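Please look over the structure shown here before reading the notes. They are arranged by topic for quick reference.

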Amino acid sequence: MQSCLSSIIPLLGRFLTLCVCHVSNNELIVGKDIDFNMHLTLPNDDRFIFCCTELLNTIASIFSWIPFSMDSLMSAEFFNNIYELCTYTSEKYINIHLTALMTVCELFYLQKPLPQVHIQANGVTELIQQKHLIQSSEEYQDKLTELLKLFIQQQWARFVNQPEFPSKEFLLHLFSFTF
């Protein structure tokens with residue numbers, strides 16, 4: 001199983017990078033492992049949104065059964081890309097944003113120590129610091145609230161004493177989000 005996952009996880013990571021490039025309209029983050037021409041040929045319609053949401057659903061499914069002894073297969077970039085897709089950009093990509101939030105929720109449901117702890121901590125903190133959060137839909141805010149609730153219930157005790165987790169800053173932004 002490990003040899004299969006060691007091939008699949010990096011491939012999923014490459015597709016995540018393509019999704020992030022397309023959703024954020026940022027050509028600068030296309031890495032050397034990504035064919036720039038492939039990024040340019042991606043459809044800019046519902047097919048792209050469908051592919052991204054299916055990719056995120058697949059990753060969420062893998063999270064539900066992968067042993068975290070294999071978490072070294074998932075790079076910081078892999079998780080950063082998921083959190084980037086969680087970040088609200090526009091209603092056009094709302095299904096991608098919601099599915100990305102659900103993917104992170106799947107990690108938190110596991111009630112296990114998470115891989116890439118500093119990335120998880122910073123990702124959650126950045127989600128509640130979004131500039132455009134007030135403009136997001138109620139559905140997006142509900143899914144983000146679910147993610148925050150899970151984070152606090154399942155992971156807070158593991159994160160609060162981590163030196164790289166800005167717990168005071170997180171609590172200030174959480175307060176701002178809830179009031």
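The briefing below covers one helix, the cysteines and the aromatic rings.

This is a predicted model, in which local features need pLDDT of at least 70, side-chain atom pairs count only at pLDDT 80 or more, and totals for chains, interfaces and linings use all residues. Residues are numbered from 1 along each chain as its sequence is written, and side-chain values use heavy atoms, with hydrogens and water left out.

**Helix α5**
- Helix α5 (a DSSP run of H or I, at least four residues, numbered from the N terminus) comprises residues 94-109, and its end C-alpha atoms lie 22 Å apart, in agreement with the 22 Å expected at 1.5 Å a residue, where the expected span is 1.5 Å times one less than the number of residues.
- Twelve of the 16 residues of α5 are buried (under 20% relative accessible area, with a 1.4 Å probe and protein chains only), among them Ile 94, His 97, Cys 105 and Phe 108.
- After α5 comes Gln 111, with a positive phi near 55 degrees.

**Cysteines**
- The structure holds zero disulfides (pairs of cysteine sulfur atoms within 2.5 Å), and for Cys 21 the nearest cysteine sulfur, that of Cys 19, is 9.2 Å away.
- The sulfur of Cys 86 is too far for a bond, because the closest cysteine sulfur, in Cys 105, is 8.2 Å from it.

**Aromatic rings**
- There are eight aromatic pairs, counted for rings of Phe, Tyr and Trp (its six-membered ring) with centres within 6.5 Å.
- Phe 108 and Phe 151 have ring centres 5.6 Å apart and planes at 50 degrees, so the pair is tilted (neither stacked, under 30 degrees, nor edge-to-face, over 60).
- This pair links Phe 108 in α5 with Phe 151 in helix α7 (residues 138-159), 43 residues apart.
- Ring pairs join Phe 108, Phe 151, Trp 156 and Phe 170 into a cluster.

Definitions and conventions:
Helices (H or I, at least four residues) and strands (E, at least two) are DSSP runs, numbered from the N terminus. Buried means under 20% relative accessible area, exposed over 50%, partly exposed in between (1.4 Å probe, protein chains only).
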